[in-house]
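Let's take a friendly walk through a protein and the DNA strands beside it. Have a look at the picture, and then we will go through it part by part.

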Number of protein chains: 2
Amino acid sequence: MANRLTTKDKIINAAERLFAERGFSETSLRLITNKAEVNLASVNYHFGSKKELIQAVLARYLNQFMPALGRALEEVDQEPDLTLQDAFEAMVEPLMALNDVRQHGTALFLQLLGRGYIENQGHLRWFVSTHHGEVLEKISELVHRTAPHLKPTDIFWRMHYTLGTLVFTMSSYRALVDIAKADFDQDNDVETVLRRLIPYMAAGVSAPQPSLLTVTE
Amino acid sequence: MANRLTTKDKIINAAERLFAERGFSETSLRLITNKAEVNLASVNYHFGSKKELIQAVLARYLNQFMPALGRALEEVDQEPDLTLQDAFEAMVEPLMALNDVRQHGTALFLQLLGRGYIENQGHLRWFVSTHHGEVLEKISELVHRTAPHLKPTDIFWRMHYTLGTLVFTMSSYRALVDIAKADFDQDNDVETVLRRLIPYMAAGVSAPQPSLLTVTE
DNA sequence: CTTTATTTTAAACGAACGTTTGATTGAAGT
DNA sequence: ACTTCAATCAAACGTTCGTTTAAAATAAAG
């Protein structure tokens, strides 16, 4: 009957759920420690500060996901006639694998990612691009290969559009799934929501980009 | 030399800038009233509460934008062979018109919209759909007309993807424009950023949607 | 000018927050 | 058995927050 989880794990498990649901600054340490059934002071004892707890929560997923994504992209890069659709689909499995590290891990990670990007202006963007820059490079490379009509600057913008689509959708994940159920009687799990996104993102990224300078009338 | 702005306007002008930059809950009334050079208590005197101030900030833009967007959509609806690209381009002018109501109004509005959607789970989503439901209906209708291969549920999802693309891009507006300048020596104003988005969104929304149920392999 | 509303002001309120403290516990090492 | 040390705990600390109060200042009305 005893709880085999360490205090540190109980904290991080409760924290990520609440962070994903309510955002970082809207989630107090008192709420986390109540939910985790540990003492308030144990957060600062085990993690140092709230900020370091947030980083630990994000790092647990990033450290698993980014290398796995890198490997999946290398693999799909061998494919001779690769489409952008294929490249995006290759990202689903590493994302879904996060469900092994933790129940609802995929949804939690994407929600946390969205929260992190929006809440703290540019901080997470910097962290990801410096700690996992090679993976981002690889994605650019694959996009360039499968959509050679795009200039590097177009690829830059469209990767950010795609990130926006992904994290905004996932940060509203619960609400959207509930509406889809109520209005269309349609059930959606995480993987369905992800796969539903792919045609949109692939078509968007590879769309022709007309010059913006010649447009007046 | 005298300041002709009322206290109420000074508050709302300072508040929207800070809300857009830092988010609602990260912006204290003390910060707003310092920036606006008014007394702390005047917020509660003129607006009642912080929550009502947030609503007033958003309402000022929504009440101008939504009717203008509605008119623009009605107009473009007359067009016999309308494309989705045209429909999206029709939204640019109402958005840019927000620069008249306030300097940098377009960027501010889109940033505020993004903050509102993400920060308070579902509250703004409910407000917009109940107060401006006809305009959203009109958009769905136009999408259905220009992309008749999509089911209503597909349109629902893709409208939210598009909203995500738009508000995420605009909430990172400053950072993205700066990176584009540094890495590609490319200058972008708000309208350029908006128009650059359109091919992506139009291609994404009108992409074919394969069935998700048959996929198992 | 006097009286009445309206607006502005300084000050304080109570609540919630992240963090620190210092005592207490319980297992490991000798 | 005694010591050591990491872990837990209740309690408090100092800040910051949104909001309220009641007096002072200003504008409007008679």
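## Two chains and their DNA

Around DNA strand C there are 15 residues, and A:S28, A:S49, B:T7, B:N39 and B:A41 come nearest. Two elements give two or more residues to this surface: α2 (29–36) of chain A and α3 (42–47) of chain B. Here a residue is near a strand if its C-beta atom, placed from the backbone, lies within 6 Å of it. Helices are DSSP runs of H or I with at least four residues, strands are runs of E with at least two, and both are numbered from the N terminus.

Before going on, a word on the model: it is predicted, so local features need pLDDT of at least 70 and side-chain atom pairs count only at pLDDT 80 or more, while totals for chains, interfaces and linings use all residues. Residues are numbered from 1 along each chain as its sequence is written, and chains are lettered from A and ligands numbered from 1 in the order in which they are written.

DNA strand D has 16 residues around it, with A:T7, A:N39, B:S28, B:A41 and B:S49 coming nearest. The elements giving two or more residues there are α3 (42–47) of chain A and, from chain B, α2 (29–36) and α4 (50–78).

The table sorts three surfaces by residue class. Ala, Val, Leu, Ile, Met, Phe, Trp, Tyr, Cys and Pro count as nonpolar, Asp, Glu, Lys and Arg as charged, and the others, Gly among them, as polar.

| Surface | Nonpolar | Polar | Charged |
|---|---|---|---|
| near DNA strand C | seven residues | six residues | two residues |
| near DNA strand D | seven residues | six residues | three residues |
| side of chain B that touches chain A | 21 residues | 14 residues | seven residues |

## How the chains meet

How many residues of chain B are in contact with chain A? The number is 42, and they meet 40 residues of chain A; contact means that two C-beta atoms, placed from the backbone, lie within 7 Å. On the chain B side, α8 (105–119), α11 (152–171), α12 (173–184) and α13 (190–205) each give two or more residues. The most come from α11(B), with 13 residues.

Chain B is superposed on chain A by a rotation of 179 degrees with 0.1 Å of shift along its axis, at an RMSD of 0.3 Å. The fit is by least squares on the C-alpha atoms of residues with pLDDT of at least 70 in both copies. That is the relation of a two-fold axis. The same surface serves both copies, since 95% of the contact residues of chain B recur in chain A.

## Inside chain A and the core

Chain A has 13 helices and zero strands. Its C-alpha atoms fill a box of roughly 65 × 40 × 40 Å, taken along the principal axes. Of its 217 residues, 38% count as buried, which means that 20 or more other C-beta atoms lie within 10 Å of a residue's own; 12 or fewer make it exposed, and in between it is partly exposed, with C-beta atoms placed from the backbone.

Is A:E93 buried or exposed? A:E93 is exposed, because 12 other C-beta atoms lie within 10 Å. A:E93 is found in helix α6 (residues 92–96) of chain A.

The largest nonpolar core has 119 residues, of which A:L112, A:V167, B:L112 and B:V167 touch the most other members. Such a core is a set of buried Ala, Val, Leu, Ile, Met, Phe, Trp, Tyr and Cys residues joined through C-beta atoms within 7 Å. Helix α4 (residues 50–78) of chain A gives the largest share, 10 residues.
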